[in-house]
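User: I would like to learn how to read the features of a model like this one. Please take them one at a time, with the general idea before the case.

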Amino acid sequence: MAKNRFITGYSGLRALAVIGVILYHLDPNTFIGGYLGVPIFFVLTGYLVTCQILKSYDEEGSFDVKRFYLGRLKKLYPSLIAVLWLAAAYIILFQRNLLAKLNQIVIANLLNIYNFWQIFNGQSYFERFATNESPFTHLWTMSINGQFYILWPLVIFLLVKYGKKRKRIFEILFGMSILSAVEMAIMYKTGVDLNRIYYGTDTRFFSLGLGAAFAVIWPMDRMKSRIEQIDTTL
């Protein structure tokens with residue numbers, strides 16, 4: 001499998017996204033834009049994964065899906081299982097009022113469908129500051145990422161096979177992203193439950209899709225390894 005080079009600015013973008021989310025949770029009334037850290041993470045995920053897959057097709061003519069899945073499992077599941085185990089142990093020992101449906105929550109996270117579980121069970125993200133907030137609330141992003149990792153190799157395979165030209169692939173991905181954003185806007189205006197909009201994979205796809213579309217027209221390999229300093233002297 002082709003390897004991507006490391007992008008120094010990637011760590012900086014992730015740091016800014018994390019800081020934004022933290023500030024938002026500390027004072028949502030002041031840092032009202034902090035929640036944008038989540039879309040930034042999704043854009044980066046869409047970009048990096050798509051770059052990796054397309055580079056493999058360009059250099060080797062194929063993509064090792066099995067190796068990709070195993071890599072994702074090794075990278076994500078040890079941390080996820082540790083978080084689930086520790087949070088469950090804490091609830092059992094100290095916060096037994098949150099025991100309801102604990103087994104369902106754990107299974108939903110392991111199957112990468114926790115965002116859908118939250119929607120169907122009326123779990124509100126916007127009540128996160130209430131007393132005894134569930135420690136699992138924010139794991140919905142992991143489920144969306146997991147769904148993306150599972151489905152995206154197949155999506156790119158179909159686009160490479162039938163879309164062929166990069167311009168065409170970009171147009172399809174960008175169009176899918178626009179449709180996702182429009183769906184979110186329409187659902188919001190028609191009064192659909194905010195949690196359905198916030199947690200939905202379809203309404204969140206626009207961030208992943210934009211990152212993926214960007215990877216098609218400007219992959220890592222086309223980025224300059226060094227950026228020349230601009231002379232600002234008069």
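User: Where does Asn112 lie?

Analyst: This is a predicted model. Asn112 sits in the loop between α4 and α5 (114–120). Its phi is near 60 degrees, a positive value in a residue other than glycine.

User: Is Asn112 buried or exposed?

Analyst: The cut-off for buried is under 20% relative accessible area. Asn112 has a relative accessible area of 10%, so Asn112 is buried.

User: Which loop holds Lys101, and how does its accessibility class follow from the number?

Analyst: Lys101 belongs to the loop between α3 and α4. Lys101 also has a positive phi, about 60 degrees, although it is not a glycine. For the class, partly exposed covers the range between under 20% and over 50%. Lys101 has 42% relative accessibility and therefore counts as partly exposed.

User: How is a pair of packed helices described?

Analyst: Two values are used: the angle between the two axes and the distance between them. Here, the axes of helix α3 (residues 65–94) and helix α4 (residues 102–110) come within 11 Å and cross at roughly 170 degrees. An angle over 145 degrees counts as roughly antiparallel, and α3 and α4 are therefore roughly antiparallel to each other.

User: Which residues make the contact?

Analyst: From α3 the contact uses Tyr77, Leu80, Ile81, Leu84, Ala88, Ile91 and Ile92, and from α4 it uses Leu102, Val106, Asn109 and Leu110. Sorted by class, the contact of α3 with α4 has 10 nonpolar residues, 1 polar residue and no charged residues.

User: Where is the kink in helix α6?

Analyst: A kink is read as a bend between the axes fitted before and after a residue. In α6 (residues 140–163), a kink of about 40 degrees lies at Leu151, shortly before the proline Pro153. Just after α6, Lys164 has a positive phi of about 60 degrees.

User: How many helices and strands are in the protein chain?

Analyst: The protein chain has 9 helices and 0 strands. Read from the N terminus, the elements run α-α-α-α-α-α-α-α-α.

User: What do the totals for the protein chain give for buried residues, contacts and exposed area?

Analyst: Of the 234 residues in the protein chain, 38% are buried. Among contacts with a separation of 6 or more, 75% are between residues 24 or more positions apart. The protein chain exposes about 14200 Å², of which carbon and sulfur atoms supply 65%.

Key. Residues are numbered from 1 along each chain as its sequence is written. This is a predicted model: local features need pLDDT of at least 70, side-chain atom pairs count only at pLDDT 80 or more; totals for chains, interfaces and linings use all residues. Side-chain values use heavy atoms; hydrogens and water are left out. The bend at a residue is the angle between axes fitted to the seven residues ending there and the seven starting there. Helices (H or I, at least four residues) and strands (E, at least two) are DSSP runs, numbered from the N terminus. Axes are lines fitted to C-alpha atoms, for helices over the stretch in contact, and angles run from 0 to 180 degrees between N-to-C directions. Angles under 35 degrees count as roughly parallel, over 145 as roughly antiparallel, 65 to 115 as roughly perpendicular and the rest as oblique. Contact means heavy atoms within 4.5 Å. Ala, Val, Leu, Ile, Met, Phe, Trp, Tyr, Cys and Pro count as nonpolar, Asp, Glu, Lys and Arg as charged, and the others, Gly among them, as polar. Buried means under 20% relative accessible area, exposed over 50%, partly exposed in between (1.4 Å probe, protein chains only). Accessible areas come from the Shrake-Rupley method with a 1.4 Å probe; for residues, only the protein chains shown count as cover.
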